[in-house]
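The following exercises concern the strand arrangement of one structure. Each task is followed by a solution that proceeds step by step.

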Amino acid sequence: MPGASATSEQIPVRVHGGPTTVIEYGGLRFVTDPTFDPPGEYPMPLPGDHRLVKTAPAAVSAADLGRVDAVLLSHDEHDDNLDHAGRTYLSEVPVVFTTVSGSGRLGGNARGLDVWQTAELRRPDAGTVTVTGVPARHGPVGCEPITGDVIGFMLTSDDLPPVYVSGDNAALEHVKEIAERFAPVDTAILFLGGARMPFAFDGALLTLDSVQGAEAAKTLGARRVVPAHFDSWAHFTEGRKEIETAFTDAGLAGCLDFAR
């Protein structure tokens with residue numbers, strides 16, 4: 001799929017480990033799901049002694065990021081998407097886009113977006129970037145009472161190709177809905193890793209696995225796919241090797257950009 005290198009120059013993206021990614025779009029800088037804590041364990045609010053385990057440090061600290069105009073936070077209830085240092089960091093940015101329920105919990109500069117709801121940010125050149133909330137589901141059908149609400153994002157602007165941020169989504173049917181409105185998507189930041197918990201939903205996927213990620217890329221007509229949120233945590237069942245294999249098998253190896 002051609003165009004990845006040109007898009008990379010037009011829309012720089014850098015993945016800093018886990019779900020934390022910096023996107024430069026229309027002169028604005030966005031950070032997804034900020035996580036900066038060192039490796040450690042996080043108790044989960046579930047019956048039994050269940051924990052999230054972070055296995056590797058972030059590549060950067062919050063201070064290393066420099067100016068940031070907005071955070072795109074898929075959800076606030078899980079430490080692998082918003083850890084202690086990330087939560088502290090939220091107050092340092094002008095606005096945090098997240099779920100409606102999450103904005104109520106976070107307060108302050110958090111702004112909740114419903115599915116398909118939009119918000120506009122002013123670009124330095126006086127244009128605008130539109131942030132659209134798009135559907136996501138963090139597990140199998142009916143998982144929301146346990147996993148909570150999740151949202152993805154689409155960035156669009158008149159003179160730039162669209163950028164999709166999946167958030168923690170395991171539902172390809174939602175990807176199809178998004179594609180109906182926005183395809184082709186030139187840059188898709190897909191949270192992959194095939195996250196599973198053996199004690200939850202009979203081990204069903206909580207995020208897309210590598211094969212599903214390749215299918216999502218085809219559905220979206222993505223020219224560039226930036227994998228994120230597939231490392232640094234123990235609950236991921238697939239990593240870079242599996243992603244490369246799945247995209248190669250699907251004939252999409254040329255669109256992969258690990259953006260490290």
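**Exercise 1: a residue pair and its sheet**

Task: Determine which residue of strand 11 T130 stands opposite, and place the pair in its sheet.

Solution. T130 faces T156 in strand 11. This is a predicted model, in which local features need pLDDT of at least 70, side-chain atom pairs count only at pLDDT 80 or more, and totals for chains, interfaces and linings use all residues. Residues are numbered from 1 along each chain as its sequence is written, and side-chain values use heavy atoms, with hydrogens and water left out.

Next, strand 10 (residues 128–135) and strand 11 (residues 151–157) run antiparallel and are joined by six bridges. Strands (E, at least two residues) and helices (H or I, at least four) are DSSP runs numbered from the N terminus; two strands pair if DSSP finds at least two bridges between them.

The open sheet has six strands in the order 9-10-11-12-13-14, with mixed pairing. Strand 9 (118–122) and strand 14 (224–228) each have a single partner strand, so one side of each lacks a neighbour in the sheet.

Finally, helix 5 (residues 172–182) lies across strand 10, strand 11 and strand 12 (160–165), at about 150 degrees to strand 10. Contact means heavy atoms within 4.5 Å; axes are lines fitted to C-alpha atoms, for helices over the stretch in contact, with angles from 0 to 180 degrees between N-to-C directions.

**Exercise 2: the sheet that begins with strand 1**

Task: Identify the bridge partner of R14 in strand 2.

Solution. The partner is V22. Strand 1 and strand 2 (residues 21–25) run antiparallel, joined by three bridges.
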